[in-house]
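Student: Could we go through this model together? I would like to begin with its surface and then turn to the helices.

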Amino acid sequence: MDVTQRLSFFASLFRVDENPDSGMWLLYFTILGLSILVYKLGFALKLPVLKSVIIYTFLALGSTVLTFLGIFLPVGEGLVVAALILIIYKIRLHRSKQAESTES
């Protein structure tokens with residue numbers, strides 16, 4: 001069985017099978033960045049600095065686990081889809097608020 005056929009899109013894009021050190025770091029930072037983006041778009045509240053540091057620390061630790069799962073499972077791809085859905089939602093929400101304010 002060929003391992004390269006079972007890799008997820010981002011893992012094969014970063015060539016985790018050929019260059020594991022830099023490939024895993026690139027995969028980690030991609031998943032971390034997408035996780036932060038999804039958190040900011042969908043779940044972030046205005047928090048004090050210390051609470052934000054704690055949340056981002058746990059987000060970084062969780063991204064470590066997701067990176068190992070993201071080699072063969074579509075973790076990064078799922079985060080991209082979630083980010084796109086949340087971006088579309090934010091755009092539509094912004095437009096509806098603008099339309100509502102112009103009607104008043």
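Student: How much area does the protein expose, and what share do carbon and sulfur atoms supply?

Tutor: The protein exposes about 7600 Å², by the Shrake-Rupley method with a 1.4 Å probe, where for residues only the protein chains shown count as cover. Carbon and sulfur atoms supply 69% of that area. This is a predicted model, in which local features need pLDDT of at least 70, side-chain atom pairs count only at pLDDT 80 or more, and totals for chains, interfaces and linings use all residues. Residues are numbered from 1 along each chain as its sequence is written, and side-chain values use heavy atoms, with hydrogens and water left out.

Student: How many helices and strands are there?

Tutor: There are four helices and zero strands, in the order α-α-α-α along the sequence. Helices (H or I, at least four residues) and strands (E, at least two) are DSSP runs, numbered from the N terminus.

Student: What is the radius of gyration?

Tutor: The protein has 18 Å, while a compact globule of 104 residues would have a value near 13 Å. The radius is taken over C-alpha atoms, and the globule rule is 2.2 Å times the number of residues to the power 0.38. Along the principal axes, the C-alpha atoms fill a box of roughly 65 × 35 × 15 Å.

Student: Turning to H2, what does its buried side pack against?

Tutor: The buried residues of H2 pack against helix H1 (9-13), H3 and helix H4 (75-103), a contact being heavy atoms within 4.5 Å. Among these buried residues are Gly-23, Leu-27, Ile-31, Leu-34 and Val-38. Helix H2 covers residues 20-42 and reaches 32 Å from its first C-alpha to its last, close to the 33 Å expected at 1.5 Å a residue; the expected span is 1.5 Å times one less than the number of residues.

Student: Is Phe-58 buried or exposed, and why?

Tutor: Phe-58, in helix H3, counts as exposed because its relative accessibility is 59%. The classes are buried under 20% relative accessible area, exposed over 50% and partly exposed in between (1.4 Å probe, protein chains only).

Student: And where is Val-53 found?

Tutor: Val-53 is also in helix H3 (residues 49-69), and at 44% relative accessibility Val-53 counts as partly exposed.

Student: Which residues form the nonpolar patch on the surface?

Tutor: Val-49, Leu-50, Val-53, Ile-54, Phe-58 and Leu-61 form it, with about 650 Å² of accessible area together. Patch residues have over 30% relative accessible area and no salt bridge, with like charges joined within 9 Å and nonpolar side chains (Val, Leu, Ile, Met, Phe, Trp, Tyr) within 5 Å. A salt bridge is a side-chain nitrogen of Lys or Arg within 4 Å of a carboxyl oxygen of Asp or Glu.
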